[in-house]
Amino acid sequence: MSEPASISAGIAARYATAIFEIAKENNDLKGLETGINDLAAALAESADLRGLIASPLVSRTEQEAAITAIAKKMKLGAVLTNSLGLMAQKRRLFVLPQLLKALQDALAEERGEVTAEVTSAKALTKTQIDKLTKTLSERVGKSVTINATVDEALIGGLVVKVGSKMIDSSIRSKLNSLQNAMKEVG
């Protein structure tokens, strides 16, 4: 992770922790989750919103007024609305995508869920995903949600990432290992 990305993640993590703890104290995690999902969808769909949070040309007061109006129009909870306003005042709205990801992770952790990033050479079938979910749930001890992607460069096999652990059983990595072993011999 580059230094600016690491700084952004750190800023987002601090705001996410505060927002999550306040929502938890107020017993409003469900409302927070709804607000996060709505805001993430709006951010993905609206180039204007992405421009608003990233543009240094928009003043703090204009950013605060705009994001507060958007939050009220979307009927986001008070905690999220106030936090967005504060982030605009402090010129921290640029970390909104990382903030949403951190909040989604915190909510999943609270529910005892974990997301597994699975990359395969070809698309997995529903049966394969179900078996993989069951196996990973047993290994991790938590409910597992699979985020599957396809990378034909793997040739075959899977690369599974759960948290900080990675299991690479792809043919590409095995061929690379074999190639390195042969280089050492010769």
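Begin by selecting T149, which is partly exposed, with a relative accessible area of 38%. Here, buried means under 20% relative accessible area, exposed means over 50%, and partly exposed lies in between (1.4 Å probe, protein chains only). T149 belongs to strand β2, residues 143-150. Helices (H or I, at least four residues) and strands (E, at least two) are DSSP runs, numbered from the N terminus. The model on the screen is predicted, so local features need pLDDT of at least 70 and side-chain atom pairs count only at pLDDT 80 or more, while totals for chains, interfaces and linings use all residues. Residues are numbered from 1 along each chain as its sequence is written, and side-chain values use heavy atoms, with hydrogens and water left out.

Keep T149 selected and display what surrounds this residue. Leaving aside neighbours within four places in sequence, T149 is in contact with V118, T119 and S120, where contact means heavy atoms within 4.5 Å. Add K122 to the selection: K122 and T149 are 27 residues apart in sequence, and their C-alpha atoms are 8.6 Å apart in space.

**From K24 to helix α6**

Next, select K24 in helix α1. K24 counts as partly exposed, at 36% relative accessibility. Which residues does K24 contact, leaving aside its neighbours within four places in sequence? They are L29 and E110. The C-alpha atoms of K24 and E110 are separated by 9.8 Å, although the two residues lie 86 apart along the chain.

Now select residues 96-111, which form helix α6. This helix has 16 residues and reaches 23 Å from its first C-alpha to its last, close to the 22 Å expected at 1.5 Å a residue. The expected span is 1.5 Å times one less than the number of residues. Within α6, the residues L96, L99, L100, L103, L107 and A108 are buried. Just after α6, G112 takes a positive phi of about 80°.

Add helix α2, residues 29-45, to the view. The axes of α2 and α6 come within 10 Å and cross at roughly 145°. Axes are lines fitted to C-alpha atoms, for helices over the stretch in contact, and angles run from 0 to 180 degrees between N-to-C directions. The crossing of α2 and α6 is left-handed: a crossing has this hand if the near helix is turned anticlockwise from the far one by less than a right angle, and is right-handed if clockwise. On the α2 side, select L29, L32, E33, I36, N37, L39, A40 and L43; they meet L96, P97, L100, L103, Q104, L107, E110 and R111 in α6. The residues of this contact divide into 11 nonpolar, 2 polar and 3 charged. In this count, Ala, Val, Leu, Ile, Met, Phe, Trp, Tyr, Cys and Pro are nonpolar, Asp, Glu, Lys and Arg are charged, and the others, Gly among them, are polar.

**Helices α3, α4 and α5**

Select helix α3 (residues 47-54) together with α4; they pack at an angle of about 140°, with their axes 10 Å apart. That makes α3 oblique to α4. Angles under 35 degrees count as roughly parallel, over 145 as roughly antiparallel, 65 to 115 as roughly perpendicular and the rest as oblique. α3 passes α4 in a left-handed crossing. L49, L52 and I53 of α3 make the contact with Q63, A66, I67 and I70 of α4. These residues divide into 6 nonpolar, 1 polar and no charged.

Then replace α3 with α5 (residues 78-89), keeping α4 (residues 60-73): their axes come within 8 Å and cross at roughly 165°. The two helices are therefore roughly antiparallel to each other. α4 passes α5 in a right-handed crossing. In α4, R60, Q63, E64, I67, T68 and A71 meet T81, L84, G85, A88 and Q89 in α5. This contact divides into 4 nonpolar, 5 polar and 2 charged residues.

**Loop residues**

Finally, select L76 and K75. Is L76, in the loop between α4 and α5, buried or exposed? L76 is buried, with a relative accessible area of 9%. Not counting residues up to four places away in sequence, L76 touches G35, D38, L39, A71, T81 and L84. K75 lies in the loop between α4 and α5, yet K75 is exposed, with a relative accessible area of 73%. The phi of K75 is positive, about 60°, although K75 is not a glycine.
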